[in-house]
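Please look at the sequence and the structure shown below. The paragraphs that follow lead through selected parts of it.

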Amino acid sequence: KEEYIMPENYLREGQVRVGWLYPGKVQEGEGIPATLARKNKLIQLLVQVKSRKDSSPATRWGMNSIPFGDDPRREKYQYNAPENMYFIDDIGHILLIGCKSSGFRDSLLSSSAGIGGVLIELSVDTTIFSTNIYNTDAFNGYKTEIESLSQWLQMDTLNLVSEYYEDEPMLRVKSVSTKVSSDKEIMVSDSIGLKFKSGFNVKPNDSLTQIIYESADSLETYHRDGISFNEAMKNHNAIRDLMTVSSWSNHQFTSISVSHDSDKEFDDKDRWVKAISVYWNTTETVDVKNKEFMFTYQDIKESGVRRWLNIRNQYSRAIDPILTTIRWNGSPIENTLFNLCAGAEALGRYIARDFPDKSLEDKGRAYLQSALQNIINQIPKGILPYVKAGEGDRGGKGVNNLPEWKEKINESYNSVKHFGGKEIDYNRVFESIDLLKIILLSWIGTQLGVPAHVLKESLKRYERYLPELTRNGYKKEEPKRTLDV
């Protein structure tokens, strides 16, 4: 007799579940037949009613703008679907958050014949699985796992000690002892309970001769008074953005879980339940396991993460175009240049606003070259090939002098931007994009506390633009040639 295994209470891509929908409390006889499906990363809810005069609460959902003679004051029927509802089938129960009517259509069968009816379509933003909480979108705890988070955190260490057979001509392993150590958790911000937590998955194979240790580090936040799902996820997304900039590649959420203070385990521990969201999409498979980071958590620590959260919030119009550029991997080269220039120009203007005494601007605005200079002013020596000549020009607001970089970027930008002007030199465009990346990464790293020598080493991939520097952090001058007499 085969043992029956209960399916996981989840909703995977392409899965369809048929059950009962509860607009309010879960009470016997109050359920509405419904179908829940996930397709093309969207969550869809289908509800069928017999007619527009049916007694079902869903009869006129999504028809708020249509007048009805039998309900002129709109008191008899419900015209807007509740934002939060409960779905139950034979697998489990699901909290649906952000339910909105997305349309309706008459059934192929005639409703006048007493069969068929109207099929109401609703979109769902978020689903929370197996929670005992209903009629809310606010939870206390939020936990996410992000692609390559363990690699970026470097919280875990694995030490192997081998013992060999004695008195044998060739080394033969007798035993291997393993010691796994971890920082367990790192508190970053008390105000939102933001912390990194370390964990391991241990997987022995069938022969028991090999054990696979996988880091399963996560990011957690806790909000005593509860906070809406989308609002809480902004902090988690900001950390993902930090990793995205650090590796200059996209990072995806691999899991999202939530907990509620009134829904605990039997021993009063947090009860974490899975969630999926249309806006904060998750993926179970990751193509690239190892990524190259310009800097890691160990380079910036808690203080650097807190600085990033402030920068991400206060300088959003500068950071957003940069992140879009990274996530657009493979987009037209002109778009990449436009977006990076837009980000640099916005960042330079933010700096002019916050540090007016050491910033350039033109009638209250910092255009591209001035904006780039404002950014360069905040990057210390020892990273970029500054020259001493020309330092302090333009009324002392040209703090650091980086010849030709601003001019090359501006020229490429204008050649792409203005039709009918100078012919586009795409080699120059690619070069300008590299120069923009170097400037932006250097500024971000500096603001987060990455040491200059770490940034310099990390930027070796761009070494053709970064010549050797003197001990004082300036570009080495080529020795003057003398003519033999």
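Why are E231 and K234 separated by about one helical turn? The two residues are 3 residues apart in helix 2, and therefore about one turn of the helix lies between them. The model discussed here is predicted, and in it E231 and K234 form a salt bridge whose closest N and O atoms are 3.2 Å apart. Side chains of opposite charge can pair when their charged atoms come close. The structure as a whole holds 21 salt bridges.

Helix 2 also leads to an open space in the model. The second largest pocket contains about 640 Å³ of space. It is lined by 20 residues, of which K234, N237, A238, D241 and W280 are the closest to its centre. K234 thus appears twice in this account: as the partner of E231 in a salt bridge and as one of the residues closest to the centre of the second largest pocket. Helix 2, which spans 229–247, gives two or more residues to the lining of this pocket, as do helix 3 and helix 4. The largest share comes from helix 2, with 6 residues. By class, the lining of the second largest pocket consists of 5 nonpolar, 9 polar and 6 charged residues.

The other two helices named in that lining also pack against each other. Helix 3 comprises residues 297–314 and helix 4 comprises residues 316–327; their axes are 5 Å apart and form an angle of about 95°. Because of this angle, helix 3 is roughly perpendicular to helix 4. On the side of helix 3, the residues that take part are W308, I311, R312, N313 and Q314, and they meet S316, I319, D320 and L323 in helix 4. Sorted by class, this contact has 4 nonpolar, 3 polar and 2 charged residues.

The path along the chain into helix 3 deserves attention as well. N281 is located in the loop that joins strand 16 (273–277) to helix 3. Which residues does N281 contact, leaving aside its neighbours within four places in sequence? They are R38, K41 and F253. In addition, the C-alpha atoms of N281 and T254 are separated by 8.5 Å, although these residues are 27 residues apart along the chain.

Enclosed space remains to be considered. Rolling a probe the size of a water molecule over the atoms shows where empty space is left. The structure holds 1 cavity of 30 Å³ or more, and the largest cavity contains about 40 Å³ of space. Its lining is made up of Y22, P23, G24, N84, M85, Y86, L95, Y134 and N135. Strand 4, residues 84–88, supplies the largest share of this lining, 3 residues. The lining of the largest cavity has 6 nonpolar and 3 polar residues, and no charged residues.

Conventions:
Residues are numbered from 1 along each chain as its sequence is written. This is a predicted model: local features need pLDDT of at least 70, side-chain atom pairs count only at pLDDT 80 or more; totals for chains, interfaces and linings use all residues. Side-chain values use heavy atoms; hydrogens and water are left out. Axes are lines fitted to C-alpha atoms, for helices over the stretch in contact, and angles run from 0 to 180 degrees between N-to-C directions. Helices (H or I, at least four residues) and strands (E, at least two) are DSSP runs, numbered from the N terminus. Angles under 35 degrees count as roughly parallel, over 145 as roughly antiparallel, 65 to 115 as roughly perpendicular and the rest as oblique. Contact means heavy atoms within 4.5 Å. Ala, Val, Leu, Ile, Met, Phe, Trp, Tyr, Cys and Pro count as nonpolar, Asp, Glu, Lys and Arg as charged, and the others, Gly among them, as polar. On a 1 Å grid over the protein atoms alone, a cavity is a set of points where a 1.4 Å probe fits but cannot get out, and a pocket is an open set with protein on both sides within 12 Å along at least five of seven lines; lining residues have an atom within 4 Å of a point. Grid points are joined across faces, edges and corners, and a volume is the space filled by probe spheres set on the points. A salt bridge is a side-chain nitrogen of Lys or Arg within 4 Å of a carboxyl oxygen of Asp or Glu.
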